[in-house]
Amino acid sequence: MEGEAGERVDLTLLRRHFGAAFLAVFLCAAALPLAAPPADAAPGVPRVSDIRAWTNEIYTRVAIDTGDEVSWQANTLRADPERRLPPRIFIDIRGAGIRDEILRKPVEVRNGLLRQVRAGRFDRDTVRVVIDLERESTYRVFALPGPFRIIVDIDGEGEIPVLPTSPEAVAPPGPVAAVPSPEDPAPPPVTPPVSPPTPSVGSAVPPATPAIPPSLESPRAAASHPAPTRKHRVRVMIDPGHGGKDPGAIGPTGLKEKDVVLAIGRKIREKLSGSGEFDVRMTRDEDVFIPLEERTAMANKGRADIFVSLHINASRNRSAEGFSTYVLSRGASNREDLELAARENGVPVRKLQGVKFIIDDMFTGARKNESLRLAKTVNDAVVRHVSTRYPGAQSLGLKQAPFYVLVGARMTAVLVEASFISNAREEARLRDPSCLDGIADGVVEAVRYYGQNGILAHSDY
Ligand SMILES: [Zn+2]
């Protein structure tokens, strides 16, 4: 695994790394003349149109919707007892307006981790979103395109080092550290807007490293792990992809991915729930559209132990066939996997690289190993079960690609691409309930194996 040992980096250092990247962008941006401040209501000006939050006492995800791409910058402020201000995370969004309703109505939480999320105009050209914390917590901020939204993940569990004690630790050196709070009458920051770097695809796509450690080659390796004492039933979040306005891939005779994966998801829930051993939930149980970041947030908020996202593959090559199961990585090993991730993410391939740094940060160590293990077990079991009904079902194996729905997942998380709906023969299979049963049986067997062998990465909720 490329840099496996090195991925366990201290977050403070990582933030310094981010800081350096942002600074590099800043230096480029500084040479450009600043555009005139846009008027709020002007057409074409990005606007903070919604602020959404999913939360429990150890985890919160906040999504800030702007629709169009904006420049943004995140920073923290420590508690100020004299002014009765809690620790705060704030995000400055340049060149954007804000919907009036958001100005008037903070998102109240008050759950022990978060007090509220509020927003205001910091100056004519800057909207500031402030997250008031109950206590200092680690956090990560990244943006997803199509439509553009800024995601803040706040971790109150202490799995990673606590908030650095000085602003310098989270910010690039220079004037950024002196950014005043929105309550301050001080002048606005002089730092030009900065954005996360979005390298173009082609030159910047690192090769993925789909090889798994030798110890993971055989599922039997799991049996050697001591089973931790579990305090709850194993929680499984099944995520049927797409839905509503998003049909997913469509087969030659019109079969829609969104309908197939919902049917499979329901079968998995029914089969897994029977024993009472598993607490099974679904991100959707009807034909509705749910944004990708919300699906992850639902799994995190629900403290799922296992997240299984269900999809059906598609290709311009109508003869492409087979089953594959993915884990998150910042790159893909080939063009097909990159195009697949782009399609599942609802973005062009060139937009895929924006979150690569944050993926390195968030998906490290035990959870990635557990996910690799589960993905291999799932894929083997699905192919085996489908083969009993349709001999010759192909396995494309365990793979890695940058799927947004897996970014920020706090649990063992895999994404299944259960054959190709673009292949006429496989599409016909997907109309057969016994094929869907086979796929569901495979996932169920793998999840059972995983649960029974006590290799949960998070068994101490
Ligand atoms: Zn899909």
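## The chain as a whole

Of the 461 residues in the protein chain, 56% are buried. What you're looking at is a predicted model. Its secondary structure adds up to 9 helices and 17 strands.

How much surface does the protein chain expose? About 18600 Å², with carbon and sulfur atoms supplying 54% of it. There's also plenty of long-range contact here: among contacts in the protein chain with a separation of 6 or more, 76% are between residues 24 or more positions apart.

## The zinc site

Let's move to the metal. Which residues hold the zinc ion? The protein donors are His242 through NE2, Glu257 through OE, His311 through ND1, and Glu344, which is listed with OE twice. These donors lie 1.9 to 2.5 Å from the zinc ion. Along the chain, they follow the spacing H-x14-E-x53-H-x32-E. His242 sits in the loop between strand 12 (234-240) and helix 3 (257-273), while Glu344 belongs to helix 5 (residues 335-345), so this pair ties together parts that are 102 residues apart in sequence.

Are these two donors buried or exposed? His242 is buried, with a relative accessible area of 7%. Glu344 counts as buried too, at 8% relative accessibility.

## Two nonpolar cores

In soluble globular proteins, nonpolar side chains tend to be buried together. In this model, the largest nonpolar core has 44 residues, and the ones touching the most other members are Ile264, Ile268, Val308 and Ile439. Several elements give two or more residues to this core, including strand 12, helix 3, strand 14 (306-313), helix 7 (365-389) and helix 9 (433-452). Helix 9 provides the largest share, with 9 residues.

Take a closer look at Ile439. Leaving out residues up to four places away in sequence, Ile439 touches Ile264, Phe323, Val382, Val386, Ala418 and Leu430. Then there's a second, separate core of 33 residues, which includes Trp54, Leu292, Ala297 and Val347.

## An open sheet and a helix across it

Next up is a sheet. In what order do its strands run? This open sheet has 4 strands, arranged 2-3-11-10, and the pairing is antiparallel. At the edges are strand 2 (50-56) and strand 10 (138-144), each of which pairs on one side only. From one strand to the next, the twist averages 15 degrees.

Strand 3 (residues 59-67) and strand 11 (residues 148-155) run antiparallel and are joined by 8 bridges. If you want a spot to check by eye, Asp65 stands opposite Arg149 in strand 11. Helix 4 (residues 292-301) lies across strand 2, strand 3, strand 10 and strand 11. The angle between helix 4 and strand 2 is about 20 degrees.

## A look at Ile93

One last stop is Ile93, which is found in strand 5 (residues 88-94). How buried is Ile93? Its relative accessibility is 0%, so Ile93 counts as buried, the cut-off being under 20%.

What surrounds Ile93? Not counting residues up to four places away in sequence, Ile93 touches Val48, Ile64, Val70, Ser71, Trp72, Asp125, Thr126, Val127, Val129 and Ile150. As for Gln73, 20 residues away along the chain, its C-alpha atom is separated from that of Ile93 by 6.7 Å.

Methods: Residues numbered from 1 in each chain as written. Predicted model: local features only at pLDDT ≥ 70, side-chain atom pairs only at ≥ 80, totals over all residues. Heavy atoms only, no water. Donors = N, O, S within 2.8 Å, 3.2 Å for Na, K, Ca; no water. Buried < 20%, exposed > 50% of the residue type's maximum accessible area, 1.4 Å probe, protein only. Core = buried A, V, L, I, M, F, W, Y, C linked by side-chain atoms within 4.5 Å. Contact = heavy atoms within 4.5 Å. Pairing = 2+ DSSP bridges. Axes fitted to C-alpha atoms, helices over the stretch in contact; angles between N-to-C directions. Areas by Shrake-Rupley, 256 points an atom, 1.4 Å probe, with all protein chains shown as cover.
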